[in-house]
Amino acid sequence: MTIKSTIAKNVGKTLSYFLTRYTNGGSSLPGKVALSIDKNLLKNLAASYDVVVVTGTNGKTLTTTLTTSVLSKKYNNVITNKAGSNMKQGIVGAFLNAPRVTKDAIAVLEVDEGSLKNVVEELQPKVFLHTNIFADQLDRYGSIEKIYELLTDAANSTPDATVIANGDLPLFNSVALPNSRKFFGFDTNVDTGNQSKADTACPNCGHDLEYTIYTYANLGDYSCSSCGYKRPELDHRVTSVKELDVTHSTFTIDHHTYTLHNAGIYNIYNALAAYSVGRHFDVPKEDIVDAFNVNERVFGRQEVIVAYDKKIVLNVVKNPVGLDQVLNLIKLEKEPFTFVSLLNNRPADGVDLSWLADTNFESLTDLDIKQIITGGIAVDKMTDRLLTAGFDSSILYSAGTLENVVEAIEKAPTTKIHMIATYTAMLEIRKALIEKGHIK
């Protein structure tokens, strides 16, 4: 490591220490400051690690957490950007906070799709893990095809890396890559909560795809009767789903049973992705069972918060596919509950809110919801969407400000609360609850 890199690293580590000790932390600032001293710092820090890059529009954070847990069963030195800071400065921060490098060091890094081009040549990953691509912040990217270009450009620039991808997503089989590839997916049908499957065009010829196995969105065992395009052969597969509950799921991968303390079909995909990376690194199946059994919740992803006498289950949402999967999860709730929906449309959330029309809030109207609380800077849009879905206005309270939202939660008529929030709204409500001592 150069003298400049050593100075930059030490400054970043010192700043990280003080931020952690005297504030609520700061996952990006130390990396930003360190990079201002040495722009080549990331390359030097990453050189001693085998790097796994986790990317895609949905599921990155939990998949990164699960993958880290799985690989930690075999390797003693596994680091990650656990705070979810997935742009360049946050990735540098993960290395700054790492212990001394030892043999067989691995870095499992969540990387924003738009940041891949800024970090991939410096990271020189051994593995790319592609979770999925759904319509997400198209005001930022333009189309899902443009998002996939970001992933394929990164893979093309590091042809020695292995790409481990969701084989159930038609787009992920549409472009030839120089990399070796492995695919994972479902080999069993699941109850998708009576959601209808939208027509999916074949990436090769444009005709509608047909599905013999369907999970949600456009995922499943697909084929095109017009041109013969079909799902690739799977290396790892979910062979049955034994239990779906509001708190956990039990399923089989490659005929071996696992329980995950994160609910929903979408999280079984995340577990399958982490499993696939684990098997690539020869982690025994029995150790993966233990890794999945650790009840670790990622902030904002089925995070359980106890506030006042309430038990709040918080989920971050950002596009129709992800939101509908969270709504399917909420539909498993057996107790009466209060529903809180917080909507911001800052750039990090996606400014365009037209996606709300494509979500299935109507699926919740038959549930035993005692009160609905809406908030965020786009509270009026959120309230109108729920009224359009058919909820009775008498149970709907448009709280607006965070202060009013927190007060409404305190006075909520049920002890069980399901809360959904866009990204910045999730950060803001967590900060408000931290300040009141409900989150450590």
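In which strand does Thr-338 lie? In this predicted model, Thr-338 sits in strand β14, which runs over residues 337-342. With a relative accessible area of 0%, Thr-338 is buried, because anything under 20% falls in that class. Its side chain is not without a polar partner: the side chain of Thr-338 makes a polar contact with the side chain of Thr-414, at 2.7 Å. Leaving aside residues up to four places away in sequence, Thr-338 touches Gln-371 and Ile-373, and also Ala-412, Pro-413, Thr-414, Lys-416, Ile-417 and His-418. Thr-414 therefore turns up both as a polar partner and in the list of contacts of Thr-338.

Now for the charged side chains. The count of salt bridges comes to 16. One of them pairs Asp-50 with Lys-126, where the closest N and O atoms are 3.4 Å apart. This pair links distant parts of the chain: Asp-50 belongs to strand β1 (residues 50-55), while Lys-126 is in the loop between α6 (116-123) and β4 (127-130), and the two are 76 residues apart. Asp-50 has a relative accessibility of 30% and so counts as partly exposed. Lys-126, at 42%, is partly exposed as well.

A second salt bridge joins Arg-237 and Asp-187, with 2.6 Å between the closest N and O atoms. Arg-237 is part of strand β9 (residues 236-244) and Asp-187 is in the loop between β6 (181-186) and β7 (210-214), so this bridge ties together parts of the chain that are 50 residues apart in sequence. The relative accessible area of Asp-187 is 26%, which makes this residue partly exposed.

The Arg-237 and Asp-187 pair does not stand alone. Both residues belong to a network of salt bridges that also takes in Asp-168, Asp-221, Arg-231 and Glu-233. On the acidic side, the network holds Asp-168, Asp-187, Asp-221 and Glu-233, and on the basic side Arg-231 and Arg-237.

Another salt bridge is found between Lys-411 and Glu-407, whose closest N and O atoms are 3.0 Å apart. How exposed is each partner here? Lys-411 has a relative accessible area of 61% and is exposed, since the class begins over 50%. Glu-407, at 36% relative accessibility, is partly exposed. The Lys-411 and Glu-407 bridge thus brings together an exposed residue and a partly exposed one, whereas Asp-50 and Lys-126 are both partly exposed.

Conventions. Residues numbered from 1 in each chain as written. Predicted model: local features only at pLDDT ≥ 70, side-chain atom pairs only at ≥ 80, totals over all residues. Heavy atoms only, no water. Salt bridge = Lys/Arg side-chain N within 4 Å of Asp/Glu carboxyl O. Helix = DSSP H or I, 4+ residues; strand = E, 2+ residues; numbered from the N terminus. Buried < 20%, exposed > 50% of the residue type's maximum accessible area, 1.4 Å probe, protein only. Polar contact = N/O pair within 3.5 Å; in protein donor to acceptor, adjacent residues only side chain to side chain. Contact = heavy atoms within 4.5 Å.
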